[in-house]
Amino acid sequence: MLYELAEEAKREISKYSDDYEIYLSSGKVLQLDSQKTDLNFAKEEFDIGLGIRVIKDGRLGFAFTTDVSRIAETAENAYSNSKLNVADEYFSFAVPEKLPVVKNTCDNRYDDLELDEIIESLKSVLAVVEDNGCQVSSGVFSSSYGENLIVNSNGVEAFDKGTGFGIGVSINAIDGDELSTAYDSTSSNLYDLDGEKLALEVCDLAKSSLGGEHIETGDMDVVLDYYAAIGLLSNFLTGFSAENIQRGRSRLIGKTGEMITTENLSIYDDGTLDGGLNSGVCDGEGTASKRTTLVEDGVLKGFLYDIYTANKDGVESTSNGFRGSYAGIPSVGSSNVIFDFKNSIDISEIDSGFLTTSVLGAHTANPITGDFSVECSNAFAIENGEIAGPVKKAMMSGNIYDILSNCDALKSEVKQKGSFILPKVFARDVRVVGN
């Protein structure tokens, strides 16, 4: 179906310009939500849409529609919109290149997945929570299937498809008048989620967080659990966007070839990663997916580019032109960002320290300087190489560049959370503020 629509769109947009791009996507979502243990909301949606970009006289025009009977009108609108914009020599579209083979991004079992099966899966997760003495606050099971097709006037024809599955649960643990909360989720391209394991881990976290003690303010060794690490690293990652570099919004301007993290760390963006949540044969512009080295042994090696920012710097796109949907144009984004540490330590090697599972307020961090001040959630003291007990209210402040210059991996499972693939992070001399 997408190919037929693309042919019609090519005929229509060719009436106005010889330089165009057509982006088509269709998707299905099957989702079930719960409030407490009541399965109160289920939805099954199908969505299809078309976005057209055109370059005419150096001006970029864009229009989109969800009504595939209005392709001719959408093409005309894209052309008309180009007249409203300023000419820019850096606009261009992808050129044909060999697309990579990317594995484990699509599970054909999605076609056989029924609502009854999802209901039973989510019920089993909620039952484990209740059986372990905790209360369910909310839960969700989601599954999706999507197809994308990009064709342009340069001869690009890039098709991709993928599936996604996810389970999340938020719970309460109660002891007398004391309440502790916890949340976690697990996601995969394949239908291989272990929801019961997730429920056990969330229950253990919530119950372990009860009865917190105060902690003294000081500089100490800190373990950043997955959510805490990615909360702080999200702002750090924006510094690698070529758009931010070109607009003077990054601390990394002019630092290529310099040490910016510990030599123990290398960072890669890899859209070809086997089973990566954001893997695919190409980005949102039709540029073949690649593995890009951002940091190697602590040294800054490169940045993330889409076609426009690459043209401005006279380099090639790193295949990081992504769009949220057919309703928007591409911009620089990340795929699967791998934090690869050479060295790791075991928690048994930490004489005294602090662990935080997640942080609140990371969005207020300064994306240019890297300075942050956040509240810690589900936090614990570490003594003599063991988790000694929960901490009641604490904050953490510092600079993410300083943390990454003096850190190791903690021996732990490497997980993907959003764009980030990483272990738990062991950071030295971080300011922890007791309350």
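Which residue stands opposite Leu-30 in strand 4? I looked this up before anything else, and Leu-30 stands opposite Ser-143.

**Ground rules**

I am working on a predicted model, in which local features need pLDDT of at least 70, side-chain atom pairs count only at pLDDT 80 or more, and totals for chains, interfaces and linings use all residues. I number residues from 1 along each chain as its sequence is written, and side-chain values use heavy atoms, with hydrogens and water left out.

**Entry 1: strand 1 and its partners**

I take helices (H or I, at least four residues) and strands (E, at least two) as DSSP runs, numbered from the N terminus. I call two strands paired if DSSP finds at least two bridges between them. Strand 1 covers residues 20–35. With strand 4 (residues 135–152), strand 1 pairs in the antiparallel sense over 15 bridges. With strand 2, strand 1 shares 16 bridges, and the two run antiparallel. I then went back to Leu-30 and found that its bridge partner in strand 2 is Glu-44. Leu-30 therefore has Ser-143 as its opposite in strand 4 and Glu-44 as its partner in strand 2. As background I note that strands of a sheet pair through backbone hydrogen bonds, either parallel or antiparallel.

I checked the cover of strand 1 next, with buried meaning under 20% relative accessible area, exposed over 50%, and partly exposed in between (1.4 Å probe, protein chains only). Strand 1 is largely enclosed by the rest of the structure, because 13 of its 16 residues are buried.

The hairpin of strand 1 and strand 2 has two residues between the strands, and Lys-36 takes a positive phi near 60° there.

**Entry 2: Glu-44 and the negative patch**

I followed Glu-44, which lies in strand 2 (residues 38–56). Glu-44 counts as exposed because its relative accessibility is 68%. I found Glu-44 in a surface patch of negative charge, together with Asp-111, Asp-112, Glu-114, Asp-116, Glu-117 and Glu-120. Helix 3 (residues 115–131) gives the most to this patch, with three residues.

For the record, patches are made of residues with over 30% relative accessible area and no salt bridge; like charges are joined within 9 Å, and nonpolar side chains (Val, Leu, Ile, Met, Phe, Trp, Tyr) within 5 Å. Lys and Arg count as positive and Asp and Glu as negative, while His and the chain ends are not counted. The place of a charge is NZ of Lys, CZ of Arg, CG of Asp or CD of Glu. Accessible areas come from the Shrake-Rupley method with a 1.4 Å probe, and for residues only the protein chains shown count as cover.

**Entry 3: salt bridges**

How many salt bridges does the structure hold? I find 17, a salt bridge being a side-chain nitrogen of Lys or Arg within 4 Å of a carboxyl oxygen of Asp or Glu.

I looked at Glu-285 and Arg-53, whose closest N and O atoms are 3.5 Å apart. This pair links distant parts of the chain, 232 residues apart: Glu-285 sits in the loop between strand 8 (265–270) and strand 9 (291–296), and Arg-53 in strand 2. Both Glu-285 and Arg-53 are buried.

Arg-247 and Glu-243 also meet in a salt bridge, at 3.4 Å from N to O. Arg-247 counts as exposed at 52% relative accessibility, and Glu-243 as partly exposed at 26%.

I noted a further bridge between Glu-296 and Lys-301, at 4.0 Å from N to O. Glu-296 is partly exposed at 36%, and so is Lys-301 at 44%. Salt bridges that share partners join Glu-21, Arg-53, Glu-285 and Arg-323 into one network.

**Entry 4: the six-stranded sheet**

I traced an open sheet of six strands in the order 10-9-8-13-21-20, with mixed pairing. Its edge strands are strand 10 (299–300) and strand 20 (415–417), each pairing on one side only. Strand 8 and strand 9 run antiparallel and are joined by four bridges. Asp-270 stands opposite Arg-291 in strand 9.

**Entry 5: positive phi**

Asn-104 is not a glycine, yet its phi is positive, about 60°. I place Asn-104 in the loop between helix 2 (71–82) and helix 3, partly exposed at 38%.

Asp-429, in strand 22 (residues 425–434), has a positive phi near 55°. Asp-429 counts as exposed at 55% relative accessibility.
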